[in-house]
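User: Please take a close look at one part of this model and tell me what surrounds it. Keep it brisk, and tie the local picture back to the whole.

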Amino acid sequence: SIKTDIDAGVFYFIAAGLSLIVLLKHNSFQSIYKYRHLTGIAVFIFFVLCGWFFTSERSNNINKVDLPEESVLIAEIESTPKETDKSVKAEIIINAFRYKDEWHHSGDRSVVYLQKDSLANSLKPGMKISFKPDFDEIKNAGNPKEFDYSRYMAFHMIASQMYLKSGKWQVIKANSAGNLKQRFLNLRSK
């Protein structure tokens, strides 16, 4: 789940940046020829800081997918699954989950590791699968100087993972022609 509401800090940050741009565009300041480059520098710094601020806020507000174990979910394979030694790794988008006979929409992203079998190897982008959720948070190995895998995945809006044994999941919609992105992903995997 991603925090999408704009808090007061974001509002003040944007207001301060726009005020600075308006100040630099003021005629008396622009009339001094030697300061004309400051407008461009201020706009550039404002957009760099906006990008940094929103990216860090977005990646810091990513939470583990937390669904009740008695629920059932429907997820779509987002990208081409990757085969490893013992499993098949697939990035998914959770479309919806059913809990207490009610369907709820979700847009959360996660990684599932499927036990290697013929069904797991046949997965393609756009296919929909169904299973009972038991997600774990993505964690680092603990060495502070090594690659921060959980932060890397947070930048991709993924904070949880799950291992699924054969028979604990099923394909509920095979891939048809699909949209343009799915076609390109299928073409790339050939």
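Analyst: Contact here means heavy atoms within 4.5 Å. With that cut-off, take strand S3, residues 87–99. The model is predicted.

First, the setting. The protein has 190 residues, and 31% of them count as buried. Its secondary structure comes to 6 helices and 9 strands. Take the contacts between residues at least 6 apart in sequence: 68% of them join residues at least 24 apart.

Start at Ser87, in S3. Is Ser87 buried or exposed? Ser87 counts as buried because its relative accessible area is 9%, and the limit for that label is under 20%. What does Ser87 touch, beyond four places in sequence? Its contacts are Lys82, Tyr113, Leu114, Lys116 and Tyr163. Lys82 belongs to strand S2, residues 82–83. Tyr113 and Leu114 belong to strand S5, residues 109–115. Tyr163 falls in strand S8, residues 158–164.

S8 also holds Leu164. Along the chain, Leu164 and Ser87 are 77 residues apart, but their C-alpha atoms are 9.2 Å apart in space. Leu164 is buried too, at 3% relative accessibility. Beyond four places in sequence, Leu164 touches Val112, Tyr113, Leu114, Gln115, Phe131 and Trp169. Tyr113 and Leu114 therefore link the two sites: they touch Ser87 and they touch Leu164.

Now the pairing of S3. S2 pairs with S3 in the antiparallel sense over 2 bridges. A hairpin joins S2 to S3 through 3 residues. Glu83 has Val88 in S3 as its bridge partner. Val88 also has a partner in S5, namely Leu114. S3 and S5 are antiparallel, with 7 bridges between them. So where does Val88 sit, given that Glu83 is its partner in one pairing and Leu114 in the other? The pairings place Val88 between S2 and S5.

Move along to Phe97, also in S3. Phe97 is buried, with a relative accessible area of 14%. Strand S1, residues 72–77, is joined to S3 by 6 bridges and runs antiparallel to it. Within that pairing, Leu73 stands opposite Phe97. Strand S4, residues 102–105, pairs with S3 over 4 bridges, again antiparallel. There the bridge partner of Phe97 is His104. Phe97 thus has a partner in each of S1 and S4. The S3–S4 hairpin has 2 residues between its strands, and Lys100 there takes a positive phi near 55°.

The contacts of Phe97 fit that pairing. Beyond four places in sequence they are Leu67, Ser71, Val72, Leu73, Glu102, Trp103, His104, His105 and Ser106. Leu73 and His104, the bridge partners, are among them. The C-alpha atoms of Phe97 and Phe131 are 9.6 Å apart, with their positions 34 residues apart in sequence.

Next, the core. In soluble globular proteins, nonpolar side chains tend to be buried together. In this model the largest nonpolar core has 21 residues. Which of them touch the most other members? They are Leu73, Val112, Phe131, Phe135 and Trp169. S1, S3, S5, strand S6 (128–131) and S8 each supply at least two residues of this core. S3 gives the largest share, 5 residues.

Leu73 shows how the parts meet. Beyond four places in sequence, Leu73 contacts Leu67, Ile94, Ala96, Phe97, Ile129, Ser130, Phe131, Pro133 and Phe135. Phe131 and Phe135 on that list are also among the core residues that touch the most other members. Phe131, Val112 and Trp169 turn up among the contacts of Leu164 as well.

Last, the outside, for contrast. The protein exposes about 12700 Å², and carbon and sulfur atoms supply 57% of it. Ile41, Phe44, Ile45, Val48, Leu49 and Trp52 form a nonpolar surface patch, with about 620 Å² of accessible area together. Trp52 lies in helix H3, residues 37–60. Trp52 counts as exposed because its relative accessible area is 57%, over the 50% limit. Ser87, by comparison, is at 9%, and Phe97 is at 14%.

Terms used: Residues numbered from 1 in each chain as written. Predicted model: local features only at pLDDT ≥ 70, side-chain atom pairs only at ≥ 80, totals over all residues. Heavy atoms only, no water. Buried < 20%, exposed > 50% of the residue type's maximum accessible area, 1.4 Å probe, protein only. Pairing = 2+ DSSP bridges. Areas by Shrake-Rupley, 256 points an atom, 1.4 Å probe, with all protein chains shown as cover. Patch = residues over 30% accessible without salt bridge, like charges linked within 9 Å, V, L, I, M, F, W, Y side chains within 5 Å. Salt bridge = Lys/Arg side-chain N within 4 Å of Asp/Glu carboxyl O. Core = buried A, V, L, I, M, F, W, Y, C linked by side-chain atoms within 4.5 Å.
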